[in-house]
Structures are given as C-alpha cells and as structure tokens.
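Please look through the sequence and the three-dimensional structure shown below, and keep both at hand while reading the report that follows.

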Amino acid sequence: MPICLGHSRSKISMRLLLMFSFLFVTILIIMSSISMLLIPASSFYANAAYTKAVPAAAGPAINDPNLKAQVVFKGLKIPTSMAFLGPNDILVLEKNSGNVLRITDGHILKKPLLHVNAAAGFLEWGLLGIAISKQTSTAPDDNSHTGTDIFLYYTKSTANPRVSAGNHLYRYELVNDQLVNPVDLLNLPSNAPDPIVESNHNGGKVLIGPDNNVYTVIGDVGSHDGQAQNNKIGKKLDGTSGILRITKDGQPVAPDPLGQEDPTRVYYAYGIRNCFGMDFDPVTGNLWETENGPTYGDEINLVKPGFNSGWNQIMGVWQTNGPLQGPVVENPAKDLINFGGKGIYRAPEFVWNQTVGPSALKFLNSDKLGKQYQNTIFVGDVNTGNLYNFKLNEDRTGLLLSGPLEGKVANSLDDLKPVIFGHGFGTITDIEVGPDGFLYVLTFDGTIYRIVPITS
C-alpha cells in the first residue's frame with residue numbers, strides 16, 4: 001500500500017505541475033499579445049533596417065574590374081559620419097561614445113577633438129552628423145566667422161536612458177585640435193510621443209549647401225503624427241519629418257518655402273519618414289535624398305523647395321496600410337497637406353519594393369574613377385552591404401533606368417543587379433569624396449575604405 005500511495009501522489013503532483021506550467025505559458029502569451037496591441041504598428045517599421053549586413057571576410061568587391069576598395073583605417077566604434085578637413089585628414093563621429101575623432105595619414109589622434117554626452121539608449125540616438133565650413137572672409141564689415149566651423153548633430157543625453165534632451169545641431173570652431181565655442185542652432189524633438197515606443201527615426205545628416213546655408217534632416221522620431229506627417233488634424237509642424245535649412249548662425253533662410261511661422265520657416269521639405277543620406281547635385285545644385293520605408297518602399301528622391309515626400313499617407317508608390325503595403329497611389333495629392341499650395345508632392349525617382357535600408361547618398365564630382373562615374377549618384381545600404389551607382393538623365397531630374405528597373409521600382413533583389421557597383425561592405429553609414437577625388441566609404445563595423453583604380 002505505501003508504494004501505491006506514493007505513485008498516486010507522484011501522478012497528482014505531475015498533473016498539478018503540468019497544469020500550472022500551462023497556465024503560466026498562457027498568461028505570458030496573453031500579456032505579450034496585449035503589449036503588442038498597446039504599441040502602435042508604426043513602432044515596428046524600423047525592424048527591417050535593424051538587420052545589418054555583415055562585411056565579407058575577404059573585404060568588399062567592386063563590380064568594375066578596373067577598380068578596387070582599399071582600407072584607409074580600421075578600428076572605429078560604430079562610426080556614423082565623416083568629413084574631410086584636407087587631404088588625408090578626416091573627422092569621424094562615433095555614435096555611442098560621443099567622440100569626434102581625427103585621422104591624419106592613416107593615424108588617429110589619441111585625444112578626441114570633442115566628447116559630447118550623446119544619448120545612446122535607443123538604436124538611432126547618438127552622435128549622428130557632421131559638416132565642415134571653412135571661412136575665408138576677412139573684410140572688416142563682414143560679420144561671418146573666420147577659420148573652420150564644424151557643425152554637429154547629436155542626441156543629447158539625460159539621467160534617464162529612455163529619455164533624451166533633444167536632437168541638437170551645434171556649431172563649433174576648430175582651434176588647436178579642439179572644438180570650442182559651441183552655439184546651439186537647432187533643438188529638435190528626440191523622444192517618441194508614446195514612452196513605450198522606441199524613439200527612432202532621428203535622421204541626423206548635415207550638409208553645407210551650394211547657397212552656403214546649413215541643411216539637416218530628421219525623421220518622424222518614434223512615429224509623431226502631425227502635419228509634418230500629412231495628418232490634417234494633427235499638430236502643426238514641430239521639427240520632425242523634414243529637411244531643415246538655416247544660415248550658419250541658425251537663422252531662417254528667405255524665401256520660406258512653407259510659411260513664416262516658427263518652426264515652419266526652417267522647413268525645406270516635409271513628409272519624410274527617415275533619412276540617412278542626402279547630397280547636392282554638383283551640376284544643377286538640386287538636392288537628392290534617400291528615405292527608409294517600413295517593410296517596403298525605400299526611396300531615392302529629388303527634393304525641391306517645399307517638397308512633400310508623402311509620409312505617412314504614401315511610401316514608395318503605395319498607400320500606407322499600417323506595416324503593410326496598400327494599393328498603388330492613384331491621386332497622391334488628394335489627401336496630403338500642401339500648406340496652401342506651397343507644399344508639393346513628388347513621386348520618388350527610384351523605389352525598392354523589398355527594403356534594403358538605403359543609407360548614405362553622394363555625388364562623385366570627379367573623374368578619378370572614370371568619366372562614366374563623374375557626377376553620378378552613389379548610395380549605400382544597411383541590409384545587404386551593397387554600394388549602388390545611379391546615372392542621371394539628360395536634364396538631371398531623374399535616373400537612367402532600364403530593364404527590370406525601367407518602371408522605377410525594384411521588385412526583387414535580383415532586379416538590382418544593373419545598379420550594384422560593389423558588395424560585401426557590410427552596413428554603409430557614410431560616403432564622401434576626398435580632396436584626392438576618390439570615393440570613401442564608412443562602415444558600421446568601423447572601417448574606412450577608398451575606391452581607387454586597380455593600378456593605383
């Protein structure tokens with residue numbers, strides 16, 4: 001009898017254990033489902049871009065047999081942007097460390113030129129963008145700065161790792177290998193409206209335009225949903241989802257494309273989901289940018305003053321449908337905000353149906369790689385490690401596309417073969433043209449490459 005009683009108790013205990021295990025798992029599933037429902041669908045949009053390409057073990061390969069990629073420097077920690085001070089003299093930003101580093105002749109200065117308290121609690125916060133302006137005016141009645149000005153875009157940290165103190169655009173002066181005399185030119189949103197949603201889509205690239213003004217870009221920052229995102233009943237323009245233009249002293253630039261209110265008057269373009277690359281055409285002065293879609297609809301755009309990219313009503317050539325792709329847009333202007341006719345929607349010049357996370361965009365204003373590449377567009381990406389090359393049409397308002405890309409849409413990765421210039425880079429974070437006229441590529445794993453002729 002005692003033996004039988006023991007078996008009976010063992011069976012009861014096992015059943016209870018199984019029952020409690022089942023209940024525990026069920027509760028976890030229900031809680032997970034509820035939390036998913038509480039988070040807006042748009043908060044998951046960036047997941048595709050978070051799948052970062054791994055560099056090829058043998059290094060990147062260039063599809064042109066006359067060209068090669070050579071290593072300039074290795075060992076950076078999550079670099080985001082770079083800019084040239086002079087020949088073989090590069091400033092590089094590290095996203096999470098907040099360090100501005102200087103590399104000369106392949107060697108890095110031991111001490112950073114500047115350390116900022118950059119927020120790093122979320123994937124896209126950090127020290128993000130840099131532009132350099134060398135001032136030469138010495139006229140006694142000229143109020144502009146002389147020397148070298150460095151413009152930095154970064155997310156400021158707070159004591160709370162989930163809350164930051166804004167995306168800021170600062171101007172510094174370069175003096176004796178230090179960045180000094182900071183001036184806060186722009187203070188932009190950096191936190192999601194909903195505290196449980198990641199504060200992503202911060203943009204951050206900075207450019208000095210051919211008009212000598214400063215341009216920077218910011219995304220929807222954790223799914224803001226106002227007039228900047230084409231919501232007619234949403235809040236007024238708030239410094240998100242736009243390309244912003246100011247003078248080097250932080251003032252608006254006339255004429256104001258969209259209006260004279262603050263911050264409307266600093267908007268050059270709006271309706272932008274997120275952007276990691278933009279550059280000016282050296283021939284026409286037109287601005288071009290890359291834009292990141294959710295699980296579809298990555299874009300390359302020609303940006304004129306007052307440009308509306310369509311988010312969050314349109315992505316690529318499709319109506320948005322939460323994280324899903326809606327039907328092709330028939331009348332794009334119908335439901336978009338146009339600020340009294342000042343804002344104008346323009347369809348993308350190229351669209352990736354299957355997202356690759358396009359990143360840096362750069363015009364090669366040099367013939368050092370061959371005449372066929374001069375003044376063409378180079379674009380990097382996050383997901384595949386590809387470096388793309390696009391040639392422009394005769395009036396330089398569109399791209400020369402043929403074969404499967406003739407309709408401006410790549411429906412598969414195989415369709416991209418005609419425009420893939422190189423591969424195996426891993427995630428590309430920046431592309432620049434050096435004073436030597438060659439193309440330089442910065443990667444997430446901490447390497448700077450230079451594209452040169454095979455005989456170089």
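## Strands, sheets and cores

Strand β3 (residues 79-86) and strand β4 run antiparallel and are joined by 6 bridges, where strands are said to pair if DSSP finds at least two bridges between them. The strands themselves, like the helices, are DSSP runs numbered from the N terminus, with at least two residues (E) for a strand and at least four (H or I) for a helix. This is a predicted model, in which local features need pLDDT of at least 70 and side-chain atom pairs count only at pLDDT 80 or more, while totals for chains, interfaces and linings use all residues. Residues are numbered from 1 along each chain as its sequence is written, and side-chain values use heavy atoms, with hydrogens and water left out.

**Strand β4 and its two partners**

Within the pairing of β3 with β4, Ala83 has Leu91 of β4 as its bridge partner. On its way to β5, the chain then forms another antiparallel pair, since β4 and strand β5 (residues 99-104) are linked over 5 bridges, and here Val92 has Leu101 of β5 as its bridge partner.

How many residues of β4 (residues 89-94) are buried? The count is 6 of its 6 residues, where buried means under 20% relative accessible area, exposed means over 50%, and partly exposed lies in between (1.4 Å probe, protein chains only). The cover applies to both faces of β4, with Asp89, Leu91 and Leu93 buried on one side and Ile90, Val92 and Glu94 buried on the other.

Asp89, which lies in strand β4, counts as buried because its relative accessibility is 12%. Its side chain makes a polar contact of 2.7 Å with the side chain of Arg102; a polar contact is a pair of N or O atoms within 3.5 Å, in which, within protein, one must be able to donate a hydrogen and the other to accept it, and residues adjacent in sequence count only if both atoms are side-chain atoms. Leaving aside neighbours within four places in sequence, Asp89 is in contact (heavy atoms within 4.5 Å) with Ala83, Phe84, Arg102, Ile103 and Thr104.

**Three hairpins**

The table lists hairpins in which a residue takes a positive phi.

| Hairpin | Residues between the strands | Residue and phi |
|---|---|---|
| β3 and β4 | 2 residues | Asn88, near 55° |
| β4 and β5 | 4 residues | Gly98, near 75° |
| β21 and β22 | 2 residues | Gly322, near 60° |

In the last row, strand β21 (residues 318-321) and strand β22 (residues 324-328) pair in the antiparallel sense over 3 bridges, and Trp318 has Val328 of β22 as its bridge partner.

**An open sheet of four strands**

An open sheet is formed by 4 strands in the order β2-β32-β31-β30, with antiparallel pairing. Because β2 (67-74) and β30 (428-433) stand at the edges with a single partner strand each, one side of each is left without a neighbour in the sheet. Inside this sheet, strand β31 (residues 439-443) and strand β32 (residues 447-453) pair over 4 bridges, and Leu442 has Ile448 of β32 as its bridge partner.

Thr429 is found in strand β30 and counts as buried, because its relative accessibility is 13%. The side chain of Thr429 reaches the backbone oxygen of Pro79 at 3.1 Å, and, apart from neighbours within four places in sequence, the contacts of Thr429 include Thr80, Lys205, Ala360 and Leu442.

**Nonpolar cores**

A nonpolar core is a set of buried Ala, Val, Leu, Ile, Met, Phe, Trp, Tyr and Cys residues joined through side-chain atoms within 4.5 Å. In soluble globular proteins, nonpolar side chains tend to be buried together. The largest core here has 30 residues, and those with the most contacts inside it are Leu387, Leu439 and Ile448. At least two residues of this core come from each of β2, β3, β4, β5, β30, β31 and β32. A second, separate core has 22 residues, including Leu169, Leu186, Val221 and Ile337.

**A buried glycine and a partly exposed glutamine**

Gly422 is found in strand β29 (residues 420-423) and is buried, with a relative accessible area of 0%. Gly422 and Tyr388 are 34 residues apart in sequence, while their C-alpha atoms are 6.9 Å apart in space. Gln251, by contrast, is partly exposed, with a relative accessible area of 45%, and is found in the loop between β14 (242-246) and β15 (267-270).
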